Structure formats: C-alpha cells, structure tokens
Amino acid sequence: MTARSRKAFDAAGALSGLDALLTEPLAGAGAATADEGAPDTGEWTATKGAGFVLVPLWEGEALTGVYAQEWSAAEEAAEGHLAALIRELDGRWGAHRAVGMRVPLFRAQAGEPLPEPFQALADHDCFGDLAVWGPVTAAPGAGPRWVAVSLNQSDGDAPMILTALVTDRPITEPAERSA
C-alpha cells in the first residue's frame, strides 16, 4: 500500500508533485537507500537514495476478485492515467524515450544485485517500462535531472501503481549479466 491509495487520479496533482521533486535536494553519494512512510499509517510515500527519489503518484484499487471486463476497465483506466501524464511531460520536455525493465526484472528474479535506482524500483515491484526525460532543468543550482514515470503491478490482484523517479544521473537500462 502507498500513501496514494484510495485517492482519485489527479493529473495536475501528479505534475505538481513532480515539480516539487525537481526542486528538492537529492541525497549525496554514499547515502543509504531508505523508504519513507506516512506518519499515521506507515504507507509508502517515497524511497530516497544517493542521487534519486522514487515516489508513488497514484494507486488504484486492489483487484482481488476482479475479473474480465472489470479488470480490463481498471487496466485501461490506469494506462490512461500514465498516457495523460506522459503527454503532459512530452509537452514540457519533448518526446520521452523508453527504458525497458526486462533486464532488471530477470536480474531481480535471479537474486542478482542491481544498481540504484533500479534496486529501489525492484524492491517495490516497479517493473513497468520507464518513460524517461532528461536532462531537464531543475531548481536553480540543482544541476540537471532525469525524470521517469511508469505503471506497475506486482501481481494480478495487486493495485496498479503509477510511480515517478527523479535522479541526478542518466537513466539507462542495466546490462545483462553473463552466465
């Protein structure tokens, strides 16, 4: 569960949240990766580590006992939220590029280490392909930032979660490990 559960998708609010992330200082090199939670519920609000922050922007309803047309409608709505956000960000920063999460998924399944921020994404079952922009202008003096958004679902019954990642380094898919 995230602190965004039980809340309707708000594109303007998601964009405002991203704008706020771009103005926040990011942790420096060597900082440990740590999750943050809502004070009253402990629900996930952010994961911060060296040079990045990962946040949930929206969480859909749990899909336990939901099948067929109702499940498809929930999936289409979540994909629509992602598409609307991508359109807005493409309008701001130009066309995004896709960064696949296939390699991080397979490496996570094999128990292989991943570089951050991919390890943070894996720890939250965020294996949806990333729509990435960058470098984009952040707050004055903050240096360039890269922004990614993705739609994720840990299993068929879990809610769909729209996440944002802001980092101070380029976002590129990790290399496959040789056997």
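**Exposure, salt bridges and strand pairing**

Student: Why does Asp168 count as partly exposed?

Tutor: In this predicted model, Asp168 has a relative accessibility of 34%. Buried means under 20% and exposed means over 50%, so Asp168, at 34%, is partly exposed.

Student: What makes the contact of Arg169 with Asp168 a salt bridge?

Tutor: The closest N and O atoms of Arg169 and Asp168 are 3.2 Å apart. The cut-off is within 4 Å, so this pair qualifies as a salt bridge. Elsewhere, Glu24, Glu36 and Lys48 are joined into one network by salt bridges that share partners.

Student: How do you know that Glu24 and Lys48 form a salt bridge?

Tutor: Their N to O distance is 3.7 Å, which lies within the limit of 4 Å. Glu24 belongs to the loop between α1 and β1, whereas Lys48 belongs to strand β2, so the pair ties together parts 24 residues apart in sequence.

Student: What makes Glu36 a salt-bridge partner of Lys48?

Tutor: The closest N and O atoms of Glu36 and Lys48 are 3.7 Å apart, again within 4 Å. Because Glu36 lies in strand β1 and Lys48 in strand β2, this salt bridge ties together parts 12 residues apart in sequence.

Student: Why are β1 and β2 said to pair?

Tutor: Pairing requires at least two bridges. Strands β1 and β2 have four, in the antiparallel sense, so they pair. Glu36 stands opposite Ala46 in β2.

Student: How do you know that β2 and β3 pair?

Tutor: Three bridges join these antiparallel strands, and at least two are needed, so β2 and β3 pair. Thr47 has Leu54 in β3 as its bridge partner.

How values were computed
Residues are numbered from 1 along each chain as its sequence is written. This is a predicted model: local features need pLDDT of at least 70, side-chain atom pairs count only at pLDDT 80 or more; totals for chains, interfaces and linings use all residues. Side-chain values use heavy atoms; hydrogens and water are left out. Helices (H or I, at least four residues) and strands (E, at least two) are DSSP runs, numbered from the N terminus. A salt bridge is a side-chain nitrogen of Lys or Arg within 4 Å of a carboxyl oxygen of Asp or Glu. Buried means under 20% relative accessible area, exposed over 50%, partly exposed in between (1.4 Å probe, protein chains only).
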